[in-house]
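Trainee: I should like to understand how the terms used for a structure follow from its values. May we take them in turn?

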Amino acid sequence: MTKTILVCCGTGCIANGSLAVAKSLRECVSSSNADASVETVLKQTGCNGLCEFSPIVRIMPDDISYYRVKPKDAQEIVASLGKEPVERLLFRDDSGKKIISQSENPFYAPQKKLALRNVGEIDPGKIEEFTSRGGYEALKKALSMTPDEIISEVEKSGLRGRGGAGFPTGRKWRIAAGYDNQPKYVVMNGDEGDPGAFMDCSLLEGDPHSVLEGIAICALAIGATEGFLYIRDEYSNALKCVKKAIADAQKAGVLGDSILGSGKSLHLSVTRGGGAFVCGESTALMASIEGRVGEPRAKYIRSVEQGLWNQPTVLNNVETFANIPLIIKEGGAKFAQVGTENSKGTKVFALVGKVKRSGLVEVPMGTTLRQIIFDIGGGIPGKHLFKAVQTGGPSGGCLPESLLDVPVDFDTLTQYGSMMGSGGMIVMDDATCMVEVAKYYVSFLTNESCGKCTPCREGLRWILEILTRVCEGRGDAGDMELLENLCETLAQASLCGLGKSAANPVITTMKYFAEEYSEHIKEKRCRAGVCAMEAAK
């Protein structure tokens, strides 16, 4: 009988000491005098999801999960293998009931893992573990298909770009495939710069080969022979994991001069991010890869026509590529069965903020905000009440309690003034000042604006100046109208997506929490007690 100990070594668990836990478990396994019929294998995996309760250790095939494990718990865990579980390390639900299996855990049970199918299940540093779960089988299948057949399956799937814009992936690939000029390039956007977001990081750390397989399939579809993986500079562990995965794939003959012996070549390289939020924008990212300052350009000519070095280029984000192997292997029609009419498949979210069970979540498109925050996340901790949730990163909107039953998909979130973004979801309670929240995000975006276009450069500064005055009790009656005019100009006249969406936090907080602005301006009062009002001193 073989027992496998899976130790979560995603960034969150590492920060809470999971490497020391893995070390202690390994030592206990090697020195154990347990029954010889119990063979024990220890694996360091990617993110297990429930970051709030890290470090997490899972025993398979028993599906026993332990939470907030310490190195001193290792001996007891190893001694319990094949016996009764260690009860004090089990998860407890709101009623106090002890939960053994992840399938019964309220955090995991409602989820559907497609992009994250291998994350937390395999050792990402071993290509053989990836292939043992069907890895690179989709690439083999793609090699037997024509580019048109590959793209047709992606179109049938309805997959839209998971980086935030939601552009149909198959349509983008078909446009690029239609150009004859060579060379063509495929680019992965891993420059995840949203505060509180770690979806792409977790995928790159926990299952890098799925992303590489998706990139390789894209290259076959559009006729590219070179690709670049652009990864946020601060993601040192993800950079290390991806570089090793590329080296292992080359050694195994998956990548290089002849993909799986087909005679078709693909060479991939890693580019470290430029350290700026704006480098997540497609044209700024490509400028950074070329060695230039990461500034966007006007998109009257699209990157699929003239991207890297003015050649046809397909850029998709990490999660988009991770879905591609499933679509090719199982068919686009099956993928399209999940989700809503215009938003197919699942979406990975980083659920953070004032929520009991924060972590990495993957749910079908169309799942409501309430289901994610309260059913999966467990609701608001302590005696506080829910106030707002921001989706889509610093350029996303803040949605109130009255919109908790809104389905999460590309079009619906946009309808209410927010957006899907790359998948950040920040929950706020009633101790939060929404005016200060708008000020915080505008301050972030002001610092991250590249300054190339005047509406973004100057508009954000003026919006920040007004919000600062309001938060300090120096606002006046005309500030709301002035903010509205500046936000409209910013959205209409900015060059790239950063500026065009930067006003969303201001617009939505003024719309859904207007009374707080009024209290700040007219009464010189912050109901949350967050803002230090000069007039109140």
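Trainee: Which residues of H9 and H10 meet in this predicted model?

Mentor: On the H9 side, Pro208, His209 and Leu212 take part. Their partners in H10 are Cys241, Val242, Ala245, Ile246, Asp248 and Ala249. These residues of the contact divide into 7 nonpolar, 1 polar and 1 charged.

Trainee: Why are H9 and H10 called oblique to each other?

Mentor: Helix H9 covers residues 208–222 and helix H10 covers residues 236–251. They pack at an angle of about 60°, with their axes 9 Å apart. Angles of 65 to 115 degrees count as roughly perpendicular, and those under 35 degrees as roughly parallel. The angle of about 60° belongs to neither class, and H9 and H10 are therefore oblique.

Trainee: Is the crossing of H9 and H10 left-handed or right-handed?

Mentor: The crossing is right-handed.

Trainee: How many disulfides does a search of the whole structure find?

Mentor: The search finds 0 disulfides.

Trainee: Why does the sulfur of cysteine 13 form no bond with the sulfur of cysteine 8?

Mentor: A disulfide requires sulfur atoms within 2.5 Å. The sulfur of cysteine 8 is the closest cysteine sulfur to that of cysteine 13, but it lies 3.1 Å away, so the pair is too far apart for a bond.

Trainee: What of cysteine 279?

Mentor: Its closest cysteine sulfur, in cysteine 450, is 9.1 Å away, which is also too far for a bond.

Trainee: What makes cysteine 13 and cysteine 279 buried?

Mentor: Buried means under 20% relative accessible area. Cysteine 13 has 4% and is therefore buried; cysteine 279 has 2% and is therefore buried.

Conventions: Residues numbered from 1 in each chain as written. Predicted model: local features only at pLDDT ≥ 70, side-chain atom pairs only at ≥ 80, totals over all residues. Heavy atoms only, no water. Axes fitted to C-alpha atoms, helices over the stretch in contact; angles between N-to-C directions. Helix = DSSP H or I, 4+ residues; strand = E, 2+ residues; numbered from the N terminus. Parallel < 35°, antiparallel > 145°, perpendicular 65-115°, else oblique. Left-handed = near helix turned anticlockwise from the far one by under 90°. Contact = heavy atoms within 4.5 Å. Nonpolar A, V, L, I, M, F, W, Y, C, P; charged D, E, K, R; others polar. Buried < 20%, exposed > 50% of the residue type's maximum accessible area, 1.4 Å probe, protein only.
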